[in-house]
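Good morning, colleagues. Please bring the sequence and the structure up on your screens, and I shall take you through them.

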Amino acid sequence: MITVMGAGAFGTALAVSLSRNGPVRLWAHDARHVEAMQRTGQNERRLPGVPLPTNITFCAGLETFSSEDTVLLAVPMQRLRGVLEGHRGVLSQARLVACCKGMELSTGKGPVQIVQEICHAATPAILTGPSFAADIAKGLPTALTLACADVRAGEALQQALTTPNLRIYRTSDTIGAELGGALKNVMAIGAGVVMGAALGDSARAALMTRGFAEMTRMAVALGAEPETLAGLSGFGDLVLTCTSEQSRNYRFGLSLGRNEAFDPSVTVEGAATARAVHEKAQALGLEMPITTAITGLISGELQVDQAMDMLLSRPLKEE
Ligand SMILES: NC(=O)C1=CN([C@@H]2O[C@H](COP(=O)(O)OP(=O)(O)OC[C@H]3O[C@@H](n4cnc5c(N)ncnc54)[C@H](OP(=O)(O)O)[C@@H]3O)[C@@H](O)[C@H]2O)C=CC1
Ligand SMILES: O=C(CO)COP(=O)(O)O
């Protein structure tokens, strides 16, 4: 059976799609949320307007969990460690598929690394790539990357998680897959700033292209294959979230660029991740000027014109 931990927009959308293959269990950390989903047949809090199929069951505990189960971890990045530590006993030997995108602020680690650290005997994997929860929930066609270092387990997960609308590609490069998803959110905030400040489509294309160079530079320095970054989990998701107002990271950037307030209850993974990436780049001695500028914009230490001056006045170099 598949258990999805995290009843946010993404976990709920994955549960809806996977329920076409068989029964799915959807876990939420808040028992009142579980009760509301049972009562209304919808997740009004995080994915309103989507009827939840009857073969999705809801729970706030994992009492009936079997170690044969596959678990999708669809909680926000900065909450992943706490969720795993709270359920270490039951999850210790499961197949654990991280579905979150980001880098932990306190450690600079990605989701697969955190799963490995806490649940040593589990099989860790990550499901990532360009996919808005609302699109998946509507049954629109979507392609994702499943990364698992254990090739056999990766093949089994690829089969189990493919649905008529969800096409899954596989790789064993978990480092590349998790970094692609983390780093593209930082660039999506930057693209939003560019458009919010009316700097133009050409500037956004420049940011995406040079941002992709930064993403690849860091990922390769940390052991990723450059091909992974060029795939769905990197380039694919960068394109999606730098160009669509469905992206919360992009919308957050739009408000920064317009000097407008942004609803703090909305999950914006790129905000904490920008800081984590900036710190890691400094520790590794990597040049990541766009990430530095975006981090300064998010913290309020830089205004848009200062960030632009900083980027445009850098010494001229080869592409
Ligand atoms: N939405 C999307 O289109 C996509 C999202 N993702 C990724 O999925 C991950 C989750 O995002 P998403 O579902 O969109 O986020 P949402 O903001 O929709 O939901 C977050 C969920 O996490 C829950 N939560 C908050 N704190 C905790 C905690 N301490 N323990 C357990 N659960 C907690 C929230 O509960 P509560 O409501 O009670 O606060 C809520 O159910 C992110 O890393 C995101 O990047 C990936 C691809 C697409
Ligand atoms: O990662 C996503 C799409 O692939 C979702 O993006 P946001 O978190 O910016 O909404």
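Let me begin with L73 in this predicted model. Leaving aside residues up to four places away in sequence, L73 touches M5 and G6, then L80 and V83, and also L96, V97, A98, C99 and C100.

L73 belongs to a wider nonpolar assembly. The largest nonpolar core has 56 residues, and L73 is among those with the most contacts inside it, together with V4, L14, L72, A74, V97 and C99. Which element gives this core its largest share? That is helix 1, residues 9-18, which supplies 7 residues. There is also a second, separate core, made up of 41 residues, with M103, M187, A224 and L238 among them.

I turn now to the annotated positions. In an unreviewed entry, UniProt lists K101, R248 and N249 under "binding site". These positions span 149 residues in sequence, yet no two of their C-alpha atoms are more than 12.8 Å apart, so they gather at one spot.

Consider K101 in more detail. Its place is the loop between strand 5 (95-98) and helix 5 (111-118). Is K101 buried or exposed? The count gives 29 other C-beta atoms within 10 Å, and because 20 or more suffice for the buried class, K101 is buried. Apart from residues up to four places away in sequence, K101 touches M77, T128, G181, A182, N185 and E269.

R248, by contrast in setting, lies in helix 12, which comprises residues 248-258. R248 has 23 C-beta neighbours inside 10 Å and therefore counts as buried. With residues up to four places away in sequence again excluded, R248 touches V266, T267 and V268.

Finally, I would draw your attention to Q78. This residue is found in the loop between strand 4 (70-73) and helix 3 (80-86). How is Q78 classed, buried or partly exposed? With 19 C-beta neighbours inside 10 Å, Q78 counts as partly exposed, because the buried class requires 20 or more. Beyond residues up to four places away in sequence, Q78 touches E104, L105 and A272. Q78 may also be paired with S106: 28 residues separate the two in sequence, and the distance in space is 8.8 Å, C-alpha to C-alpha.

To close, I return to the annotation: the positions that UniProt lists as "binding site" include K101 and R248, of which K101 is buried and R248 likewise counts as buried. Thank you for your attention.

Methods: Residues numbered from 1 in each chain as written. Chains lettered and ligands numbered in written order. Predicted model: local features only at pLDDT ≥ 70, side-chain atom pairs only at ≥ 80, totals over all residues. Core = buried A, V, L, I, M, F, W, Y, C linked by C-beta atoms within 7 Å. Buried ≥ 20, exposed ≤ 12 C-beta atoms within 10 Å, placed from the backbone. Helix = DSSP H or I, 4+ residues; strand = E, 2+ residues; numbered from the N terminus. Contact = placed C-beta atoms within 7 Å. UniProt positions renumbered as here; feature names shortened; annotations may be inferred.
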